[in-house]
Amino acid sequence: MLAHIIILVATVATYNFAPYQWGVTTKEAFVQRSSLALEVARKNMTGSVWGGPDLESLVLLGAIYAPCMRRDRQLYTAIEADRKCEADQSGCCIRRDKSGCYQAPSSSVCPVSPWVYNNTVTNTSVRAVCGTSPYTCIEPNKVLNPSWNSASISDWPICSQAVNVSTPSYLSCELTGRPCCVGLQAKCLLTTLEHCSFLGGHYHSEAFLCSQVDCLSAVCGLLPFTAKDNPDQWYRLGLSLFIHAGVLHLILTLLFDVFILWVIELKLGWLRTSFVYIFSGIGGNIISAIFVPYYPQVGPGASIFGIVANIFVFVGSEYPYWKKRRRALPILCCVLGIFFVLGILFPFLDNWAHFGGFLFGFVLSWIVIQMKPFEEDEVEGRQIKLTDKYKKEFVDFYTKRNCCKRGMTGVSMVILPVLFAVCLAWFYAGQENWYGFIYLNCVPYTSSFCLDYGLELESRNLY
């Protein structure tokens, strides 16, 4: 409980509060672009209904976000298409007054200035890239770095030191556009620092091309990927359980901890409770990342539903002889139904994480369930005279129940690793979009209400 509070305080102190709003708003401003002209720039702003930081900040903190955890086929297909377009079609756009130049994606973006696609340096034809060339770069040297010999400029390294030359013009002009990584889906454009700051992007002043920077690594933060274009932040599955989207989110978690979780902990002990809480949360997060890959999710929602599943198992196993708790199962079913409906109506509640947490929590609960003999105080308060006949019936019931529990424990210990293995294989190898299931997480009242909430990629056109 204390850890949740400390983490949220540190979060809002570092990243501040996002605007309190539901949905997306558009902000406009005049900014200087790479062409040095003032243009109207627009950016979409997402707020927070929970009273906390925005989605980009949550990803940096450790939210569940599939592109940071695996090489997402759909996203990297789009990234490779962007790089191929830059390698095949871009050229250096030089202002007529020689006041600056920038790498334009095509001649149509540079309609009134010289646009250089190829040029000749030392009698060798090379692609024109504003500010850099294999023949002027000292560090890394062309001889020592074979990447310079590639026919594709997307393979060229970043030149940190170069020889000053007066010709050709695309090498001597002042560069006015550098790579800027924007948004959660590793989009990149070559623009000014002013424009990049307005978009809330990450400006790479050391690079010349978008293909020279790893935008997804900048989006994800935390520990660097083991290799470029190989996201492997699997630890988000557990880390996100201790992060909250805002103050309201934290309050709801604390209410559950105070009124429900501590009762379960008294019954099971802290070790068993932690086992169910953490691993049901991890399992639920895997399910969420499978069905909602492009929408960041944080919080212990999956863990909470794992604990609810534990209550189901406890009440169900005690149900036949506990008359005072005969209303417990219907009440629990109603609570689950209400949360499921709320998850459909409000897209910021993740039904898939809740469903996954309940599924894993149900299996885990049979592993940690307690085996205990019959005790006379178990029927205290029941209007049953504990005669020898009734006592024998209770002893027989407890014996049979414990045998059933042992059987379910054995089955669950087999199912649990299989369930984890299937879900992980599905997440890493499957990577299918389940369009028919989107309505289980959000009902689109309007054409823009759900915004596909994490199912499809956004448009990559930033120009």
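Does Val258 count as buried, partly exposed or exposed, and at what relative accessibility? In this predicted model, Val258 belongs to helix H8. Its relative accessibility is 40%, and because buried means under 20% and exposed over 50%, Val258 counts as partly exposed.

Val258 is also a good place to start a tour of the surface. Together with Met1, Ile5, Val9, Phe17, Val247, Leu248, Ile251, Leu252, Leu255, Phe259 and Ile260, Val258 forms a nonpolar patch with about 1100 Å² of accessible area. Two elements each give two or more residues to this patch, namely helix H1 (2-15) and helix H8 (247-268). Of the contributors, H8 gives the most, with 8 residues.

Helix H3 offers a view of the interior. This helix covers residues 73-89, 17 residues in total, and spans 24 Å from its first C-alpha to its last, close to the 24 Å expected at 1.5 Å a residue. At its start, a side-chain oxygen of Asp72 comes to within 3.3 Å of the backbone nitrogen of Gln74. Buried residues of H3 are Leu75, Tyr76, Ala78, Ile79, Arg83, Glu86 and Ala87.

Next come the strands. Strands of a sheet pair through backbone hydrogen bonds, in either a parallel or an antiparallel way. Strand E3 (residues 91-94) and strand E4 (residues 101-104) are antiparallel, with 4 bridges between them; Ile94 has Cys101 in E4 as its bridge partner. The hairpin of E3 and E4 has 6 residues between the strands, and there Lys98 adopts a positive phi near 60°.

An open sheet of 3 strands follows the order E11-E10-E12, with antiparallel pairing. Strand E11 (187-191) and strand E12 (202-203) are its edge strands, each pairing on one side only. Strand E10 (residues 178-182) is joined to E11 by 5 bridges, and Arg178 finds its bridge partner in Thr191 of E11.

Some backbone details deserve a closer look. Most residues other than glycine have a negative phi, and most peptide bonds are trans. Ala186, in the loop between E10 and E11, nevertheless has a positive phi near 55°. With 8% relative accessibility, Ala186 counts as buried. Leu222 likewise has a positive phi, of about 50°, and lies in the loop between helix H6 (215-220) and helix H7 (236-239). Its relative accessibility of 37% makes Leu222 partly exposed. Finally, the peptide bond joining Glu139 and Pro140 is cis, with omega at about 0°; Pro140 sits in the loop between strand E8 (137-139) and strand E9 (161-162).

Technical notes. Residues numbered from 1 in each chain as written. Predicted model: local features only at pLDDT ≥ 70, side-chain atom pairs only at ≥ 80, totals over all residues. Heavy atoms only, no water. Expected span 1.5 Å × (residues − 1). Buried < 20%, exposed > 50% of the residue type's maximum accessible area, 1.4 Å probe, protein only. Polar contact = N/O pair within 3.5 Å; in protein donor to acceptor, adjacent residues only side chain to side chain. Pairing = 2+ DSSP bridges. Patch = residues over 30% accessible without salt bridge, like charges linked within 9 Å, V, L, I, M, F, W, Y side chains within 5 Å. Areas by Shrake-Rupley, 256 points an atom, 1.4 Å probe, with all protein chains shown as cover. Salt bridge = Lys/Arg side-chain N within 4 Å of Asp/Glu carboxyl O.
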